[in-house]
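These are my notebook entries on one predicted model. I went through it by loop and by helix pair.

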Amino acid sequence: SSLKQQNCERLQTAKDEDEDVADPIDDREIFDLIRSINDPEHPLSLEELNVVEQVRVRVDDQENTVGVEFTPTIPHCSMATLIGLSIKVKLLRSLPERFKIDVHITPGMHTSEDAVNKQLADKERVAAALENSQLLEVVNQCLISNARTS
């Protein structure tokens with residue numbers, strides 16, 4: 001699937017195309033963007049670990065909203081915030097700016113669900129996290145490593 005690899009490497013082009021074409025974005029398209037993100041602790045993608053599933057993606061193109069629920073592999077997963085951040089960054093980089101992106105944990109699936117969701121919903125905290133070069137490096141690894149391995 002060389003097309004998928006292209007999407008990973010050429011985020012700008014995909015984004016440019018999206019903005020020129022009035023092509024409504026659907027759940028499948030969002031799922032395709034995030035399914036190949038790598039888990040920070042496993043050599044597997046979020047789709048392979050069932051952390052993300054298409055049924056947990058909600059898109060309203062008219063309202064410019066994208067919602068993604070993700071399910072950490074274990075209820076006390078210490079990487080939950082990082083995984084959510086990776087999903088959010090991928091979508092922020094890939095989608096037109098008009099979209100409001102909501103990434104949160106599937107209800108009842110994590111012991112610190114509220115705290116993690118609060119962090120992911122807080123624009124300033126997300127921006128601050130992405131200014132942390134070490135954290136950004138880890139996020140970028142989650143986003144690119146799959147292109148090399150597949």
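**Entry 1: P107 and T106**

I looked up P107 first and found it exposed, at 53% relative accessibility. A residue counts as exposed over 50%, so I recorded P107, with its 53%, under that term. I located P107 in the loop between β3 and α5.

I then listed what P107 touches: leaving out residues up to four places away in sequence, E69 and E113 are its contacts. I also noted the pair P107 and T71, which are 36 residues apart in sequence and 8.6 Å apart in space, C-alpha to C-alpha.

Next I turned to T106, which has its place in the loop between β3 (100-105) and α5. Is T106 buried or exposed? I found T106 buried, at 5% relative accessibility. With residues up to four places away in sequence not counted, T106 touches R56, E69, F70, T71 and E113. I underlined E69 and E113 here, since they appear among the contacts of T106 and also in the list for P107.

**Entry 2: the chain as a whole**

I stepped back to the complete chain. How many helices and strands does the protein chain have? I recorded seven helices and three strands. Read from the N terminus, the order of elements is α-α-α-β-β-α-β-α-α-α.

For burial, I noted that 39% of the 150 residues of the protein chain count as buried. For contacts with a separation of 6 or more, I noted that 66% come from residues 24 or more positions apart.

**Entry 3: α4 with α5**

I went on to the helix pairs. Two packed helices are described by the angle between their axes and the distance between the axes.

I began with helix α4 (residues 80-94) and helix α5 (residues 113-121), whose axes come within 10 Å and cross at roughly 30°. That makes α4 roughly parallel to α5, because angles under 35 degrees are counted that way. I entered the crossing of α4 and α5 as right-handed.

Which residues of α4 and α5 meet? From α4 I listed A80, T81, G84, L85 and K88, and from α5 V116, Q119, L120 and A121. By class, I divided the residues of this contact of α4 with α5 into five nonpolar, three polar and one charged.

**Entry 4: α4 with α6**

I then took α4 with helix α6 (residues 123-131), which pack at an angle of about 95° with their axes 12 Å apart. I therefore described α4 and α6 as roughly perpendicular to each other. The contact is made by L85, K88 and V89 of α4 together with V126, A129 and L130 of α6. I counted five nonpolar residues, no polar residues and one charged residue in the contact of α4 with α6.

I marked L85 and K88 in the margin: they belong to the contact of α4 with α5 and also to the contact of α4 with α6.

**Entry 5: α3 with α4, and S94**

The axes of α3 and α4 come within 9 Å and cross at roughly 120°. That makes α3 oblique to α4. I entered the crossing of α3 and α4 as right-handed. On the α3 side I found I30, L33 and I34 in the contact, and on the α4 side I87, K90, L91 and S94. By class, I recorded five nonpolar residues, one polar and one charged for the contact of α3 with α4.

I followed up S94, which lies in helix α4. I found S94 buried, with a relative accessible area of 4%. Which backbone oxygen does the side chain of S94 reach? The side chain of S94 reaches that of K90, at 2.6 Å. I noted that K90 and S94 both take part in the contact of α3 with α4.

**Entry 6: positive phi**

Last, I checked backbone angles. Most residues other than glycine have a negative phi.

I noted N50, whose phi is near 60°, a positive value in a residue other than glycine. I placed N50 in the loop between α3 (27-34) and β1 (57-60), and recorded N50 as partly exposed, at 49% relative accessibility.

I noted N64 as well, with a positive phi near 60°. N64 is found in the loop between β1 and β2 (65-70). I recorded N64 as partly exposed, with a relative accessible area of 22%.

Methods:
Residues numbered from 1 in each chain as written. Predicted model: local features only at pLDDT ≥ 70, side-chain atom pairs only at ≥ 80, totals over all residues. Heavy atoms only, no water. Axes fitted to C-alpha atoms, helices over the stretch in contact; angles between N-to-C directions. Helix = DSSP H or I, 4+ residues; strand = E, 2+ residues; numbered from the N terminus. Parallel < 35°, antiparallel > 145°, perpendicular 65-115°, else oblique. Left-handed = near helix turned anticlockwise from the far one by under 90°. Contact = heavy atoms within 4.5 Å. Nonpolar A, V, L, I, M, F, W, Y, C, P; charged D, E, K, R; others polar. Buried < 20%, exposed > 50% of the residue type's maximum accessible area, 1.4 Å probe, protein only. Polar contact = N/O pair within 3.5 Å; in protein donor to acceptor, adjacent residues only side chain to side chain.
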